[in-house]
Amino acid sequence: MKIIILTLSILFSLNSSFGKEKLRSYKFFKKHALSEKPKYRYNEYEGIISGASALLIGNVGYFTTDSKSMKLTYSLVQTIGFLNIGKGVYDFYRPQVYAEQYKLLRGYKKSSKANTVEYFSHGIIKNIALEDRAKRLSVLYTSSLLAGQYLLNIIGDKLRGDENSQLNNIYYFLAGVNTVAAAYSYFSRSIYEEHYYSVTPVIIPSSKIIGLQASFQF
């Protein structure tokens with residue numbers, strides 16, 4: 001009997017220490033996961049705003065100068081502006097991974113803990129799908145806008161009577177490359193995006209179907 005009591009005491013002590021360790025880990029993850037989220041929402045637009053500012057400078061300079069070397073310089077500024085916009089698009093759409101994982105854990109903690117595998121699988125797929133979508137939309141917007149800008153440069157030069165065939169050939173080539181890249185990014189959704197944004201029953205830990213998730217996004 002003493003041996004049984006001693007064994008139960010040891011097991012209870014170990015279980016308590018493990019429980020405290022899990023609690024410390026949960027609090028640590030909660031603290032740092034939530035700190036990843038920006039305090040001010042306008043930070044999400046920072047890249048887009050800075051890119052648009054560079055784009056404005058590039059366009060004003062390009063269409064007001066007669067110097068071919070300066071045109072190339074301002075064309076580079078235009079490109080930098082669109083690259084910043086593309087980065088801003090990615091920052092806007094990308095998931096806050098740690099915060100999303102914390103929300104997943106919090107939902108699981110408050111639930112009946114049924115269908116654990118399905119619940120966490122759906123949450124992981126969601127994060128991967130949102131990350132893939134953010135990258136794809138960044139390429140889509142950047143390539144589309146660049147293709148349009150290069151064609152606009154050609155049209156603008158023709159209207160001003162300042163056409164440069166060599167420079168225009170470069171613009172035509174770059175516009176074509178970016179058009180192909182934009183078309184590819186539009187149609188190349190990852191398998192995780194296809195799964196997450198398809199009409200799929202969303203299962204929560206209580207084993208109840210809470211609705212159909214359908215999305216007709218890019």
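**Exercise 1. Lay out the fold.**
State how many helices and strands the chain has, and give their order.

*Solution.*
Step 1. Count the elements: the chain has seven helices and two strands.
Step 2. Note the source: this is a predicted model.
Step 3. Read from the N terminus. The order is α-α-α-α-α-α-α-β-β.
Step 4. Add the overall picture. Of the 218 residues in the chain, 32% are buried. Take the contacts with a separation of 6 or more: 76% of them join residues 24 or more positions apart.

**Exercise 2. Decide where to trust the coordinates.**
Find which elements have the highest and the lowest mean pLDDT, and locate stretches where pLDDT stays under 50.

*Solution.*
Step 1. Start with the chain. Its average pLDDT is 76, and 69% of the residues score at least 70.
Step 2. Rank the elements. Helix α6 (residues 165-187) has the highest mean pLDDT, 92. Strand β2 (residues 209-213) has the lowest, 36.
Step 3. Look at residues 1-8. Here pLDDT stays under 50, and the model has zero contacts beyond four places in sequence.
Step 4. Look at residues 199-217. Here too pLDDT stays under 50, but the model has 40 contacts beyond four places in sequence.
Step 5. Apply the general caution. Predicted coordinates should not be read in detail where pLDDT is low.

**Exercise 3. Place Gly81.**
Is Gly81 buried or exposed? Which residues does Gly81 touch, leaving out those up to four places away in sequence?

*Solution.*
Step 1. Find the element. Gly81 sits in helix α3 (residues 68-93).
Step 2. Check the accessible area. The relative value for Gly81 is 0%. The cut-off for buried is under 20%, so Gly81 is buried.
Step 3. List the contacts. Gly81 touches Gly51, Ala54 and Leu55.
Step 4. Add a distance. Leu56 is 25 residues from Gly81 along the chain, and their C-alpha atoms are 8.3 Å apart.

**Exercise 4. Describe how α2 packs on α5.**
Work out the angle, the handedness and the residues of the contact between α2 and α5.

*Solution.*
Step 1. Take the geometry. Helix α2 (residues 46-62) packs against helix α5 (residues 116-160) at about 25 degrees, with axes 11 Å apart.
Step 2. Classify the angle. Angles under 35 degrees count as roughly parallel, so α2 is roughly parallel to α5.
Step 3. Give the hand. The crossing of α2 and α5 is right-handed.
Step 4. Name the residues. Helix α2 brings Leu55, Asn59 and Tyr62. Helix α5 brings Gln149, Leu152, Asn153, Asp157 and Arg160.
Step 5. Sort them. The contact of α2 with α5 has three nonpolar, three polar and two charged residues.

Note on methods. Residues numbered from 1 in each chain as written. Predicted model: local features only at pLDDT ≥ 70, side-chain atom pairs only at ≥ 80, totals over all residues. Heavy atoms only, no water. pLDDT = per-residue confidence, 0-100. Helix = DSSP H or I, 4+ residues; strand = E, 2+ residues; numbered from the N terminus. Contact = heavy atoms within 4.5 Å. Buried < 20%, exposed > 50% of the residue type's maximum accessible area, 1.4 Å probe, protein only. Axes fitted to C-alpha atoms, helices over the stretch in contact; angles between N-to-C directions. Parallel < 35°, antiparallel > 145°, perpendicular 65-115°, else oblique. Left-handed = near helix turned anticlockwise from the far one by under 90°. Nonpolar A, V, L, I, M, F, W, Y, C, P; charged D, E, K, R; others polar.
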